[in-house]
Amino acid sequence: QTIISKTYKRDRSPCGPSRVLHVRKVPIEVSEAEVISLGIPFGKVTNLLMLKGKNQAFIEMASEEAAITMVNYYTTATPHVRNQPVYIQYSNHRELKTDNLPNQGRTQAALQAVNAVHSGNMTHSASASDSSMMPGQSPVLRIIVENLFYPVSLEVLHQIFSKFGTVLKIITFTKNNQFQALLQYADPMNAHHAKVTLDGQNIYNACCTLRIEFSKLTSLNVKYNNDKSRDFTRLDLPSGDGQPTLDPGMTAAFGAPGIISSPYAGAAGFAPAVGFPQAAGLSMQAMPGALGPLTIPTSAVAGRMAIHGMAPTALHSVLLVSNLNPDSISPHGLFILFGVYGDVQRVKILFNKKENALVQMADATQAQLAMSHLNGQRLHGRVIRVTISKHQTVQLPREGQEDQGLTKDFSGSPLHRFKKPGSKNFQNIFPPSATLHLSNIPPSIADDMLKDLFSSAGYKVKAFKFFQKDRKMALIQLGSVEEAIQALIDLHNHDLGENHHLRVSFSKSTI
């Protein structure tokens, strides 16, 4: 037990970064999986030591960067486990040596299970006892909200469920006096992550409990875009007849003291909730029992949910990107990278502080998506932070104002990926990965030419293959995720001749 006794006397100065993190005030009844879930949004968890009697635990992350990102995040948003705040700091241990400790078998099993679910690499050969971990085949979830003390809008559902992947369609309705919704993801794996994490969670304090199951439907047919149904891939749908309003009883509920408060009372309740691909529900809890800082929509307070088409454009669609490498960054580079997740309107690198930039997306949903996929990624050797900015728009420099080309307007760019409603690009939004998807390749181009294009630009090509059915597309695997991010910025829209410009995006497959 010596490993514990010398840990954190109160008067000791905190240690420098380490990939081992010390967690205090852990509730006694907490499972290994719940503690591991604190680390999952930031990267792979490689080991765990639970000290039940001392209400403490040690989490070992795969890399020091992941640990640093995790500590930085949790210093601003205290994580809650079982509605209790827990405290995380660096340990003075460089790694955990737990091979000979009792219970280590159970810990390893929990590590494998949680890491597998979150990396999406669930093998279909799991035994019957693991069946609860197996993804359902349907990308459609059926959601019932119990204890509906406050109205839950389609916007709020979209905000919560977007953390687990691209939400394509939502239909809300009342059945058996219960508020219900059907929600379709681009990928069944996203539906699985969302179900595992959110089933049984409360949206607001002590009320609005989510009950989630897989739907028998595999696709939804949405006819109207209004506050009851929405197809996010088709902005051209009509809004149908008249906007329904909230019943008076619901409106009265807003006179009660708000259980949810947020500095951002956006019209659609878009708060700067943390976004991570497949974030664990536990880490989202910025307040006990709630799924992060959701606001009660101000439009609902007025007694009507008037949302026409998408959320209003100006609504927190500007991102603040920090810890950039000022020597390597350019507005064009940020435009290309953030353009993977939405249509970038404007980019401004801050004149006096070039580590920071503002990126304005077409709408709040795209901003949320870009934040969830790019926060914590490495760019030009630095781990970048992406948060929602308090600015509503990015101002262009006034006539004659010195700017050094740091502000650029991209609103008319031909490179926007999401202009066409129903475009396939909506279904192919994935987190950054070392494997890139290449398309728009002319027939004369052989694999060596493409491999040379990447290697001569300084990238290490580990594998390459054309799609069998369609030689206009290929996958290329590079040395690391950071390299792939860089290569996408450099080579997206590269002129391959014959009037073909290379299209580059992140792939969910590996070669």
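This report covers the internal cavities, one enclosed helix and one buried loop residue of a predicted model.

**Cavities**

Searching the whole structure turns up two cavities of 30 Å³ or more. The table sets them side by side.

| Cavity | Volume | Lining make-up |
|---|---|---|
| Largest | About 60 Å³ | four nonpolar, four polar, one charged |
| Second largest | About 50 Å³ | six nonpolar, two polar, one charged |

The largest cavity has a lining of Phe335, Ile336, Gly339, Gly342, Val344, Leu415, His416, Arg417 and His492. Its nonpolar and polar lining residues number four each, with one charged residue besides.

The second largest cavity is lined by Val26, Pro27, Ile28, Val30, Met50, Leu51, Lys52, Asn55 and Gln56. Six of these lining residues are nonpolar, two are polar and one is charged.

**Helix α5**

How many of the eight residues of helix α5 are buried? Eight of the eight are, so this helix, residues 154–161, is largely enclosed by the rest of the structure. The buried set consists of Leu154, Glu155, Val156, Leu157, His158, Gln159, Ile160 and Phe161.

**Asn375**

Asn375 sits in a loop. That loop runs between α11 (364–374) and β16 (378–379). Is Asn375 buried or exposed? Its relative accessibility is 11%, and the cut-off for buried is under 20%. Asn375 therefore counts as buried. The side chain of Asn375 also makes a polar contact: it reaches the backbone nitrogen of Val386 at 3.0 Å.

Technical notes
Residues are numbered from 1 along each chain as its sequence is written. This is a predicted model: local features need pLDDT of at least 70, side-chain atom pairs count only at pLDDT 80 or more; totals for chains, interfaces and linings use all residues. Side-chain values use heavy atoms; hydrogens and water are left out. On a 1 Å grid over the protein atoms alone, a cavity is a set of points where a 1.4 Å probe fits but cannot get out, and a pocket is an open set with protein on both sides within 12 Å along at least five of seven lines; lining residues have an atom within 4 Å of a point. Grid points are joined across faces, edges and corners, and a volume is the space filled by probe spheres set on the points. Ala, Val, Leu, Ile, Met, Phe, Trp, Tyr, Cys and Pro count as nonpolar, Asp, Glu, Lys and Arg as charged, and the others, Gly among them, as polar. Buried means under 20% relative accessible area, exposed over 50%, partly exposed in between (1.4 Å probe, protein chains only). Helices (H or I, at least four residues) and strands (E, at least two) are DSSP runs, numbered from the N terminus. A polar contact is a pair of N or O atoms within 3.5 Å; within protein, one must be able to donate a hydrogen and the other to accept it, and residues adjacent in sequence count only if both atoms are side-chain atoms.
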